[in-house]
Amino acid sequence: MTSPTLSLGSHLSPITVSVDLTAVCHNYQAIRLRLLPGTKILAIVKADAYGHGAIPIAQTLQGLGVFGFGVASVHEGALLREGGIQNPILVMGPLQSAHMKDLFQYRLTPVISHRTIFSELLSILPKNVAPYPIHLKVDTGLHRLGMDPEHILEIFQCTQPPQSPVTISGLMTHFADADNPDSTFTTFQLTRFRSLIEHIQSSGFALPDLHVANSAGILFYKEAHFEMVRPGLMLYGYAPGHPEQDSPIRLQPALAATTYIAHLRSLQPGDIVGYNALFRATRPSKIAILPVGYTHGFPRKLTGIGHVLIQGKTAPIIGKICMDMMMVDVTEIPGTTIGQEVRLLGTQGSRSISAEDYANWLETIPYEVLCGIGGKAKKLYQSTEVG
Ligand SMILES: Cc1ncc(COP(=O)(O)O)c(C=O)c1O
């Protein structure tokens with residue numbers, strides 16, 4: 001039996017998640033201003049562009065002259081190609097031999113982090129075609145992905161023209177701690193990276209594009225910009241780590257989310273709200289029921305900590321957040337009505353709730369908040385012409 005195909009409008013969803021593409025453009029230009037004119041930008045759009053939607057984000061950045069895109073998997077890269085993205089796409093996450101053919105078919109550039117994968121790639125590349133571009137990743141201390149420096153040199157040795165079926169187009173590493181005001185570990189990583197570069201040069205090999213800096217690297221380590229940088233978080237409007245002392249970068253959050261008041265109830269002192277009676281009214285109260293819950297990216301941990309905005313005022317989250325509902329206290333907000341807009345993320349009136357606020361409430365980082373709220377939602381894309 002086949003199930004009917006429904007073309008569901010976003011108006012049916014209890015949550016409206018919107019992405020401001022003009023903000024993404026602004027953030028891209030703000031990053032560009034931090035770089036020397038020739039520095040390439042590889043926009044990190046993994047995890048569906050941190051929940052913002054990889055294809056619309058990539059299409060927007062393509063128009064601004066971005067060099068290419070970084071994704072986590074062959075699957076993410078293939079989706080971008082199917083969406084019409086033509087720029088170089090680097091697959092930065094772990095690669096498997098089973099994915100090599102698709103990697104090649106979708107013209108994705110592998111980041112080689114292991115010698116076995118390098119051999120696997122060589123074994124599937126057709127003969128007598130132009131050398132296939134690869135990037136190499138050296139582990140300078142993060143101990144996640146990346147090869148030891150001696151293995152990088154071995155790959156340089158066996159990929160020299162004219163016979164080699166591959167060409168090394170890039171050499172990268174990834175910072176572990178660049179958002180920490182204490183620069184000790186980042187400096188240590190940079191020193192290891194530079195020592196490998198010197199080794200490659202003194203062995204007589206030409207250097208490919210070098211790239212190291214994530215958002216924090218861009219902001220705090222100019223010396224780590226090299227030929228290319230890899231911003232993720234900043235494209236979406238959030239600066240990592242500690243605030244810069246002078247001229248902090250001005251970014252605009254791109255993701256916003258609203259819902260509506262589905263139901264209103266009056267409580268008497270002693271009445272409980274929600275599972276396990278976590279909230280008990282101590283005064284005559286009015287509460288609003290919202291049709292969003294942890295399935296929409298609002299974890300149970302927000303209970304009693306977070307708030308939403310109604311009429312530009314804060315309404316505290318009370319009772320346990322349910323799978324698809326949450327309750328907020330609107331006693332202090334006169335005139336609430338069913339259907340009224342509730343701001344979950346973004347600005348309403350003179351108040352805002354940011355992914356950083358959620359990160360503080362949840363003891364996590366804005367990355368996880370954005371992926372959680374943007375991830376599964378059907379998104380509306382907004383863009384205003386700027387003159
Ligand atoms: C290898 C690599 N480079 C760059 C980035 C972008 O980092 P950020 O979002 O902090 O700019 C990431 C994201 O995790 C990454 O994994």
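In this predicted model, helix α10, which covers residues 355-362, packs against helix α11, residues 366-374, at an angle of about 110°, and the two axes are 8 Å apart. Because angles from 65 to 115 degrees count as roughly perpendicular, α10 is described as roughly perpendicular to α11. On the side of α10 the contact is made by Ala355, Glu356, Tyr358 and Ala359, while α11 contributes Pro366, Val369 and Leu370. Sorted by class, the residues of this contact comprise six nonpolar and one charged, with no polar residue.

A second pair of helices can be read in the same manner. Helix α3 (residues 54-62) and helix α4 (residues 74-82) have axes that come within 10 Å and cross at roughly 60°, and α3 and α4 are therefore oblique to each other. Their crossing is right-handed. Here the contact is formed by Ala54, Ile55 and Ala58 of α3 together with Glu76, Leu79 and Leu80 of α4, a set that holds five nonpolar residues, one charged residue and no polar ones.

Turning to the chain as a whole, the domain assignment gives domain 1 as 21-236 and domain 2 as 255-353, and the C-alpha centres of domain 1 and domain 2 lie 42 Å apart.

The ligand, finally, has around it Ile44, Gly70, Met92, His174, Asn214, Ser215, Ala216, Arg230, Pro231, Gly232, Leu233 and Pro240. By class, this shell around the ligand consists of six nonpolar, five polar and one charged residues.

Conventions:
Residues numbered from 1 in each chain as written. Predicted model: local features only at pLDDT ≥ 70, side-chain atom pairs only at ≥ 80, totals over all residues. Near = placed C-beta within 6 Å. Nonpolar A, V, L, I, M, F, W, Y, C, P; charged D, E, K, R; others polar. Axes fitted to C-alpha atoms, helices over the stretch in contact; angles between N-to-C directions. Helix = DSSP H or I, 4+ residues; strand = E, 2+ residues; numbered from the N terminus. Parallel < 35°, antiparallel > 145°, perpendicular 65-115°, else oblique. Contact = placed C-beta atoms within 7 Å. Domains from an automatic or database assignment. Left-handed = near helix turned anticlockwise from the far one by under 90°.
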